[in-house]
Amino acid sequence: MTAQIKIVYKKTADLIPYARNSRTHDEGQIAQIAASIKEFGFTNPVLIDGTNGIIAGHGRVMAAQKLGEEKIPTIELAHLSEHQKRAYIIADNRLALNAGWDNEMLTIELNDLLADGFALDILGFD
């Protein structure tokens with residue numbers, strides 16, 4: 001039986017970054033994430049362990065702090081072993097990088113958004 005996913009709003013100040021996180025976020029990317037949160041809302045909860053340790057969402061937490069967000073949505077994954085937690089921190093970041101782009105479809109979508117006056121920089125494209 002699969003456990004129910006429960007979203008709980010936690011204080012950003014209480015969330016603890018993983019000290020050995022190998023993924024980096026520069027100020028430019030944090031600004032992009034913050035702009036995305038402002039435009040779309042906080043649509044992707046931060047994954048945490050049973051003691052408020054961040055498993056996935058370090059950049060989102062930094063962006064939320066930049067925006068002055070006091071509480072953000074989280075999902076607790078307390079069932080993961082220490083090895084699973086450490087492996088998932090890497091997998092969550094790496095697996096997304098393995099995806100490709102359908103450049104023809106992307107061009108159509110970006111051109112349509114641009115024609116509608118949507119600022120493409122919020123999408124991470126310049």
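Let me start with a single side chain, E27, which counts as exposed because its relative accessibility is 58%, and which I will use as a way into the rest of the fold. Please keep in mind throughout that what we are looking at is a predicted model.

E27 does have a partner, since its side chain meets that of K66 in a salt bridge, with 3.9 Å from N to O. This pair links distant parts of the chain, with K66 in helix α2 and E27 in helix α1, 39 residues apart.

Before I go on to the other charged pairs, let me step back to the whole protein. Its secondary structure comes to 4 helices and 4 strands, and if you read from the N terminus on, the elements run in the order β-α-β-β-α-β-α-α. The C-alpha trace spans about 45 × 30 × 30 Å along its principal axes, and of the 126 residues 29% count as buried. If we take the contacts with a separation of 6 or more, residues 24 or more positions apart account for 80% of them. As for the surface, the protein exposes about 8800 Å², and carbon and sulfur atoms supply 52% of that area.

Now to the helices, beginning with α1, which covers residues 27-40. Does the length of this helix fit what one would expect, or how far apart should its ends be? At 1.5 Å a residue, the 14 residues of α1 should span 20 Å, and its end C-alpha atoms are indeed 20 Å apart, so the two values agree. Within α1, the residues I30, I33, A34 and I37 are buried. They cover an arc of only 100° around the axis, and therefore they sit on the same side of α1. What do the buried residues of α1 pack against? Their packing partner is α2, which runs over residues 58-67.

Turning to α2 itself, its buried residues are H58, G59, R60, V61, A63 and A64, a list in which you will notice R60 and H58 alongside V61. These buried residues of α2 pack against α1, and also against the strands β2 (46-48), β3 (54-56) and β4 (71-76). After α2 comes G68, whose phi is positive, near 80°.

Let me return to the charged pairs. How many salt bridges does a search of the whole structure find? The search finds 3, and having already met the one between K66 and E27, we can look at the others, which involve K85.

In one of them, D49 forms a salt bridge with K85, and the closest N and O atoms are 2.9 Å apart. Here again distant parts of the chain are linked, because D49 lies in the loop between β2 and β3 while K85 lies in helix α3 (residues 82-97), 36 residues apart. Is D49 buried or exposed? It is buried, since its relative accessible area is 10% and the cut-off for that label is under 20%. K85 likewise counts as buried, at 13% relative accessibility.

K85 also meets E82 in a salt bridge, at 3.6 Å from N to O. In this case both residues lie in helix α3, 3 residues apart, which is about one turn of the helix. E82 is partly exposed, with a relative accessible area of 45%. Because these salt bridges share partners, D49, E82 and K85 are joined into one network.

I would like to finish with two places on the outside of the model. The first topic is R20, which is placed in the loop between β1 and α1 and is exposed, with a relative accessible area of 59%. The C-alpha atoms of R20 and R86 are separated by 8.9 Å, although these residues are 66 residues apart along the chain.

The other topic is a nonpolar patch on the surface, which is formed by I5, I7 and Y9, and which has about 360 Å² of accessible area together. Of these residues, Y9 lies in strand β1, residues 7-11, and Y9 is exposed, with a relative accessible area of 52%.

To gather the threads, we have α1 with its buried residues packed against α2, the link from K66 in α2 to E27 in α1, and the network of D49, E82 and K85. Thank you, and I am happy to go back to any of these residues in the viewer.

Terms used:
Residues numbered from 1 in each chain as written. Predicted model: local features only at pLDDT ≥ 70, side-chain atom pairs only at ≥ 80, totals over all residues. Heavy atoms only, no water. Patch = residues over 30% accessible without salt bridge, like charges linked within 9 Å, V, L, I, M, F, W, Y side chains within 5 Å. Areas by Shrake-Rupley, 256 points an atom, 1.4 Å probe, with all protein chains shown as cover. Salt bridge = Lys/Arg side-chain N within 4 Å of Asp/Glu carboxyl O. Buried < 20%, exposed > 50% of the residue type's maximum accessible area, 1.4 Å probe, protein only. Expected span 1.5 Å × (residues − 1). Arc of directions from axis to C-beta. Contact = heavy atoms within 4.5 Å.
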